[in-house]
Each structure stands twice: as structure tokens, then as C-alpha cells.
Amino acid sequence: MSQQPVRPVIELDANTLEEIARVICGDHLYYRQGWEIAKFLKHAGWAEVPDFDGAYRREWTLARLTERREDPSELEKVLLRLADPLEYLDEPKQLPGVIAAVNAFLVYEGFRLDSPGGRPRLVACDPALAYPGQHAPAEFKAVMADIIKDPGTADLLQRRLDEAQTCYANGAHVAAIIMLGSLLEGALVQVIQERDRFVLGSTTPDKATLDVLIKVCHRAGWIGADIERFCHELRKYRNYVHPRAEIREAHTPDRDTLNVSWQVVSAVLNDLATTQPERP
């Protein structure tokens, strides 16, 4: 018998409720009059919503949210309705701004709104994303085109890097690490092919293991000794693409693991750019 996916449990702080009330009222976003707020709550799926009584809109809205604070499903309905395109048929351009406004404070609760395919959902996320220092991983001093001569391969590897950053931003730690390991292997294979494919002896770059590629690039002087050692740690985590590898290690990578892995790939690419032979 298959298990149903675990739904996130919403337990929101009082300040978060105030922010939700502010977005519902929409003074600086999608403005709602008092009677429209009551209508919004009904469209969200709430039953027995009282008529707006002419009070201050935000205070009235906050009172309604506070009344149902102990009912996570009711609060989830409101959040999902805020991210529902059906709520903005007259002004569809407002939707991205509303979602961004909600996510700006909801992330502190460990959640974010997402709307894949236009249908909203509430997903758990890493609260560390709320801190500016966590939004951007280590800086790359070089772009892929500085390292890889072949433009097609450079574009492909750049897309892998972009996808890894997307995973990073959304708290998908294992996926980001696997993507970084793939990027590392692809970059080393191409660098060897372009610079000196004979450093591998009788083995061709596309048949060499990542372990061999790392060691050969170090011996060739293209990456530093300290970077070589850390590359082997990333190589081990790259193997988590196979679930059994993660089970054997009994360790699930977290954001700290991902930050270290990102620093490793950043250092490798920067070293490869620094040791890039002059192009004719």
C-alpha cells in the first residue's frame, strides 16, 4: 500500500499573519475593498465568513486570520488562493508580485508558494534562503567560455551551472551537488581534450573515471593540490545520484555540504581559467 506524500504543517507566527493580512488587503499590490476581502476568503474555501462590517480593512482581515490560526488547513487555503491565477483574471500581471511579496516573509516560516503549470502549491523550503548571504553561492571569477574553447560544450556546461544554482536557491541540496559533480566531470573531460588528451596515456578522456580526471588535471598543473583533495570529496557526493550510495554512507547532504561543494567547483573553474593556455 503506497503512502501519501506528507503535507507541510502550517503553524504561523502572529507577525506572519499580519503580513498575510497586508497582502490580502493589497494597499501596494492587488487592492481589495472590504467586501472584496470577504469574497476572497470565501473563494479560498472558507465557510461562514462574516460580512465586512466597515472596520479598518487590515484589522478586520487580521481578526479573521487570527480566529483560524489554530486550523492549519484554513490558513493554507488562504495562501494558495493568494497564488492562484484565477484570483487575478482582470490583472494577471499582479500575480508574480504577490507571490514574491508573500515568499519574502513566508520563507522565515520554512515555506514558499510555487505555481508550476499555473496551479499553486505550498512547499517546504530552507529558512536560510531568507538571509541575503545565502542567496548567492561562491562567486565564479571566470565564465565557462574562458575555460572551454568549444562553444557548444561551454553553453551546455553553463546550463548545468545555472541549473545547479536553481537547485541551490530552492534548497534542493542533493540535486545541486549531483549537478555540480556532473559539471565538474564535463569540464575536466573537455579541458583535457582541448589542452592535451595524451596526458591520460592510452585512455581517452570520455572513458576516464572522475577520479582519474581529477588526478591528471592536478599533475598537469591545471588545478592546485588542495583543490584536488576536495574534488575527491565532491566526487563521492556526486555518486549520490545512486540512492544506494547515500544509504551506504548514512549521511544526507545539507546546505553546509552544498556550500563546500560549490566552493570546490568555483575553485576548480577559477584554477582552470588561470592556467588556460593562450589561444592563437
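A search of the whole structure, a predicted model, returned zero disulfides. A disulfide is a covalent bond between the sulfur atoms of two cysteines. Two cysteines were examined for burial. Cys 25 has a relative accessibility of 0% and therefore counts as buried. Cys 167 is also classed as buried, with a relative accessible area of 17%; this value falls under the 20% limit that defines the buried class.

Helix H3 spans residues 57-67. Within H3, the residues Arg 57, Trp 60, Thr 61, Arg 64 and Leu 65 are buried. These residues lie on the same side of H3, because the arc they cover around the axis is only 135°. An α-helix has 3.6 residues a turn, so residues three or four places apart point the same way. Exposed positions occur on the other side of H3, at Glu 59 and Glu 67. The packing partners of the buried H3 residues are three helices, namely H1 (14-25), H2 (34-43) and H4 (72-82).

Aromatic contacts were searched for across the whole structure, and two aromatic pairs were found. In one of them, the ring centres of Tyr 30 and Tyr 88 are 4.9 Å apart and the ring planes meet at 75°, so the pair is edge-to-face. This pair links distant parts of the chain, as its members are 58 residues apart. Tyr 30 belongs to the loop between H1 and H2, whereas Tyr 88 belongs to the loop between H4 and helix H5 (95-106). Both rings come from buried residues: Tyr 30 has a relative accessibility of 11%, and Tyr 88 has a relative accessibility of 1%.

Phe 52 and Trp 60 form an aromatic pair that is likewise edge-to-face, with a centre-to-centre distance of 5.4 Å and 75° between the planes. An angle over 60 degrees places a pair in this class. Phe 52 is partly exposed, at a relative accessible area of 23%, while Trp 60 is buried, at 4%. Trp 60 is one of the buried residues of H3, and its ring also takes part in a contact with a charged group. The charged end of Arg 64, itself buried in H3, sits over the ring of Trp 60 at 5.0 Å from the ring centre.

A further arrangement of a charge over a ring involves Arg 195 and Trp 222. The charged end of Arg 195 sits over the ring of Trp 222, at 5.3 Å from the centre of that ring.

Definitions and conventions:
Residues are numbered from 1 along each chain as its sequence is written. This is a predicted model: local features need pLDDT of at least 70, side-chain atom pairs count only at pLDDT 80 or more; totals for chains, interfaces and linings use all residues. Side-chain values use heavy atoms; hydrogens and water are left out. Buried means under 20% relative accessible area, exposed over 50%, partly exposed in between (1.4 Å probe, protein chains only). Helices (H or I, at least four residues) and strands (E, at least two) are DSSP runs, numbered from the N terminus. The arc is that of the directions from the helix axis to the C-beta atoms. Contact means heavy atoms within 4.5 Å. A disulfide is a pair of cysteine sulfur atoms within 2.5 Å. Rings of Phe, Tyr and Trp (its six-membered ring) pair if their centres lie within 6.5 Å; planes under 30 degrees apart count as stacked, over 60 as edge-to-face and the rest as tilted. A charge sits over a ring if NZ of Lys or CZ of Arg is within 6 Å of the ring centre and within 35 degrees of the ring normal.
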